[in-house]
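Subject: Structure handover

Hello,

I am passing this structure on to you. Please look through it before reading my notes below.

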Amino acid sequence: MDWVKALTGNRVWRSIVRHGIRATNRNRVMLVMENVLLHLHPAKVRRRNLELSSTYYLGGLSLTLFAVLVMTGLYLMLYYHPSVPQAYDDMKELQFVVSNGVFLRNMHRWAAHAMVLAVFFHMLRVFYHRAYRPPREFNWVVGVVLLILTLLLSYTGYLLPWDQLSFWAVSVGTNMVKATPVLGPKFRFLLLGGNIVGENALLRFYVLHCALLPLALVLGIAIHLWRVRKDGGVRGSAGRARAAERRNGRVQP
Amino acid sequence: MSEVERDTNRPPGSRAASRSGRDEETRAQEWMTRRRFCQAAGLSACAVAAGGTAALSAEFLNPRVLFEPSTRFTVGPHEAIAVGSVLTDAEHRVFVLRLHDGFRALSSVCTHLGCVTRYQPDEKCIFCPCHGSRFALDGEVLAGPAPRPLHWLQMALSERGEIVVDTAVEVRPGTGFRP
């Protein structure tokens, strides 16, 4: 492996990666601690927690789907203008003219559906494993905020194709907002930027969908992952944990 | 756990030392361990996915239909343009001149940094307001930082006898047009 040595032995590499590449315990810890992308992770994880039945990887799946949505969304933004009636024409152009446009658009759509499902099942898993109990009760609340943000992202993205389905979905949805006592009508007015689902509403939903909500979600995910680590890692099923400890001859506290 | 299995979990550095006394046969069997195979398969899958993403992106980023204005436009009937006049088309960034030897179309985009030049009737020259370049009416640079003469553009006569200019097609400097 001379090329590995040549690649990792030079000064440029060492200025970026301070630790060596030898698979010692210390280097493994340093790899996680010194990497801005990995440092939210714990440096060590219990083997039991990596098993499928501990988490069903639902949080990781949600995060991966979010990454897919960000990438495909950025691509779609290159051909989309949030104005009336250009938005509808752009959506049709993506489907019928742009190379791979229909593939990326469908990928964005299906990943969005899948993310809602993954987040929902993630919540169920945490509930049935009793992983919301102290010291993890705050992270449950953060998770609920993330679920709401996911649903809001789905909803705001719904208007952007500017077809009949999206127009009426947002008409109905914002009328539901209006039914809220006292604040409802004003909140609907602010959400739509007017009284009708028109040009202003499209632009506001676009800004929410492409800037505000994704930023909020990224921040929430960072807090969520950080708290998972600070609360002692993921908590799989309690029954499996007890069984494992019995096998190891330790007593459940 | 057998001796062989445990060995694959050790760091590469210590492996060589611990195995110096082994015979060739064992080493040949362990050339492709399960871990190595999985690593190779995973990395290959990532490489295929990255290649596919790159190809898809390159296709996607190239627009197949452009909604840009046409580079070809009509100036007007050639009889209507008097000899010695200089018409400025600000929208298409073109000067259309009719001199004694015929018509010519000059791009009004400065060859320095792309500003739009102006015709100065008093001095009979073309002037760039950005950095002060001056051009003669045949496009030649008289003064200023412009490195090249103004581009001469292709002219044609439409079926209705109107002069048509195409800003996308350049012609050799001095190529005038006589309808």
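The notes below cover confidence, the contact between the chains, and one pair of helices.

This is a predicted model. Its scores are ipTM 0.77 and pTM 0.79.

For chain B, the mean pLDDT is 85, and 84% of the residues reach at least 70. Within chain B, helix α1 (residues 3–7) has the lowest confidence, with a mean of 44, while strand β7 (residues 134–135) has the highest, at 96. Two stretches of chain B remain under 50 in pLDDT. One is residues 1–9, where the model has five contacts beyond four places in sequence. The other is residues 13–18, with three contacts beyond four places in sequence.

Between the chains, eight residues of chain B are in contact with ten residues of chain A. On the chain A side, these comprise five nonpolar residues, four polar and one charged.

Within chain A, I looked at helices α9 (residues 164–178) and α10 (residues 184–192). Their axes cross at roughly 145° and come within 7 Å. From α9(A), the residues that take part are A:Thr174, A:Val177 and A:Lys178. They meet A:Gly184, A:Pro185, A:Phe187, A:Arg188, A:Leu191 and A:Leu192 of α10(A). Sorted by class, the residues of this contact are five nonpolar, two polar and two charged.

Regards

Key:
Residues numbered from 1 in each chain as written. Chains lettered and ligands numbered in written order. Predicted model: local features only at pLDDT ≥ 70, side-chain atom pairs only at ≥ 80, totals over all residues. Contact = placed C-beta atoms within 7 Å. Nonpolar A, V, L, I, M, F, W, Y, C, P; charged D, E, K, R; others polar. Axes fitted to C-alpha atoms, helices over the stretch in contact; angles between N-to-C directions. Helix = DSSP H or I, 4+ residues; strand = E, 2+ residues; numbered from the N terminus. pLDDT = per-residue confidence, 0-100.
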